Amino acid sequence: MGRNSTSHADGIRGSVHSVARRTRPPGKRALARAACIGKLSRSYTPGSRIVPNTEDRYCIIGAGPSGLATAHQFQRAGIAFDVFERYHDVGGIWDIENLGTPMYESAHFISSRTQSAFDDFPMPADYPDYPSRTRILQYLRAYANHDGIRSRVTFDTVVKRATPVDGGWHVELASGEHRRYRGVVCAVGNNWNPVDASYPGHFDGEMYHSSRYKYAASLAGKRVLVVGGGNSGCDIACDAAPVARETLISFRRGYHFLPKHLFGVPTDAFFRSGPHLPAWLAQPLLTLLLRVLVGDLRRYKLPKPDHKVLETHPIVNSQLLHYLAHGDVRAVPDVRELNGERVTFVDGTSADVDVIIFSTGFRSAIACLDADVFSAERGAAQLYLNVFPDRAGLYVIGLFETDGSLFPVVSKQAALVASVIVAQRNGSDRAAWFERQRTGARPDLSGGIKYLASRRHAFYVQYDEYVHHLEKMLKRMSSPVRGAA
Ligand SMILES: Cc1cc2nc3c(=O)[nH]c(=O)nc-3n(C[C@H](O)[C@H](O)[C@H](O)COP(=O)(O)OP(=O)(O)OC[C@H]3O[C@@H](n4cnc5c(N)ncnc54)[C@H](O)[C@@H]3O)c2cc1C
């Protein structure tokens, strides 16, 4: 289907959609018009809501970066779809107004501008190397307006449950509406289910997960302990440093710290400007480079990393070492127990604190799918290329972690899903070829790196390796296939 015919059809569907959202039964004219274009449920009875016929459409759940990328790729491929978003606008976690978002005022991208755009929509050239969360949100909103995607999103609408039914999917909205779709794309994000830490004893001060932390002024004059040395934990400690009475950051293990720039170039851009090196060469070279540029982290009282560089998600932060060097942040080991205001650490030292912020990560979950349909907790082993579960018509976009930006990757994931759907729809031999790949041996997406066995790394892929696989598949899906494996 051509692009113009798609948008025309979408215009018609849009009008039916708005009819469906009315609370009063529609008038005779509206009924006649909708019935004439075949979009009304045949079971309409006066007083009931009109349910649009969506059997040939795909339901995209979520209008964050992953959902938007999917909508763009589907629109381009002429695949009919609806997008549902539980909040009032697009942007996902990047909209700090969204209840439960882990975003905080000072947040900036840790992947750089030129490496972080969607494939079909560059970031503005006047953006800085590491855009702020407000700029990222503006960029996402501009992306949603581009090609009219925003008008295709139904806001303030939670998808409560998606269930496979014969030849399609049954989707239940929190409004009570039920619809049938050809397929479902889950683009619901990974950062909405905080994992709290618990320690023996009791604490008399404030204690909360980092997803509830929003701005530095809330820490002014307080003795702050941040538990967890991931990117958010380091950012929050750096927010606290200039305003808090005292700032401690507790590390359970040592990490490697990558500065935001190397030789005046954003670190990710620096690495991608050269040839792609295999892990056995990249890891020792990077270790050497960090030894020269950053030095021995034990000088800052940080624990020595117990794993090789790149075996955990990189900490990209140039500020924390600065604050540690100036004594404005103090590194402490893991917490052993709590007692009133006193926190005792595993090395036997202790400190009195007013606030503990647990930067202890998130659990992946797709609440609208029953566990026997797909369980995000079971990790990537259930997915082909981190996208395709063993369920016809179900696709997962954005359920991965990587050592690069998510936006270019979800563009490619979505483009691949679109190409598979189009091939299936056309009965092309590419669909059969893809199915053989999907059910065959799983490609190794680690790039030869032995990621730490942890919840965070359950969906981890090495960026270059993963992009390479996705691009290879996309190329094969767009060229004639004659049954070759
Ligand atoms: C502090 C922080 C810094 C980060 N920095 C970077 C970075 O520098 N570079 C980078 O590439 N990535 C970064 N990330 C990763 C980040 O997760 C991605 O940038 C991106 O937001 C993920 O997009 P998403 O669409 O998959 O998920 P989300 O942004 O979480 O969007 C999911 C959307 O789905 C909606 N939704 C969920 N369930 C339902 C439902 N049942 N019904 C309807 N709607 C639903 C949600 O409301 C939300 O709008 C960072 C993450 C954090 C927390």
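Here are some questions and answers about the predicted model shown above.

Residues are numbered from 1 along each chain as its sequence is written. In this predicted model, local features need pLDDT of at least 70 and side-chain atom pairs count only at pLDDT 80 or more, while totals for chains, interfaces and linings use all residues.

Q: What pLDDT does the chain average?
A: Let's start with confidence: pLDDT is the predictor's confidence in each residue, from 0 to 100. Over residues 1–48 it stays under 50. Still, 88% of the residues score at least 70, and the chain average is 89.

Q: Which helix supplies the largest share of the shell around the ligand?
A: The shell holds 32 residues, each with its C-beta atom, placed from the backbone, within 6 Å of the ligand. Helices are DSSP runs of H or I with at least four residues, strands are runs of E with at least two, and both are numbered from the N terminus. Helix H3 (65–77) and helix H9 (406–425) each supply at least two residues of the shell. The largest share, three residues, comes from H3.

Q: How many residues of the shell around the ligand are nonpolar?
A: Ala, Val, Leu, Ile, Met, Phe, Trp, Tyr, Cys and Pro count as nonpolar, Asp, Glu, Lys and Arg as charged, and the others, Gly among them, as polar. Twelve shell residues are polar and two are charged. The nonpolar ones number 18.

Q: Is strand S10 (residues 223–227) largely enclosed or exposed, and why?
A: A residue is buried if 20 or more other C-beta atoms lie within 10 Å of its own, exposed if 12 or fewer, and partly exposed in between, with C-beta atoms placed from the backbone. On one side of S10, Arg223, Leu225 and Val227 are buried, and on the other so are Val224 and Val226. Five of the five residues are buried, so S10 is largely enclosed.

Q: Which residue of S20 stands opposite Val226?
A: Two strands pair if DSSP finds at least two bridges between them. S10 pairs in the parallel sense with strand S11 (residues 246–250) over five bridges, and Val224 stands opposite Thr247 there. Four bridges join S10 to strand S20 (residues 355–358), also in parallel. In S20, the residue opposite Val226 is Ile357.

Q: Which helix joins S10 and S11 in a right-handed β-α-β unit?
A: Right-handed means that, with the strands pointing away from the viewer, the path from the first strand over the helix to the second runs clockwise. Nine of the ten residues of the helix in this unit are buried, so it is largely enclosed by the rest of the structure. The helix that makes the unit with S10 and S11 is H5 (residues 231–240).

Notes:
Two residues are in contact if their C-beta atoms, placed from the backbone, lie within 7 Å.
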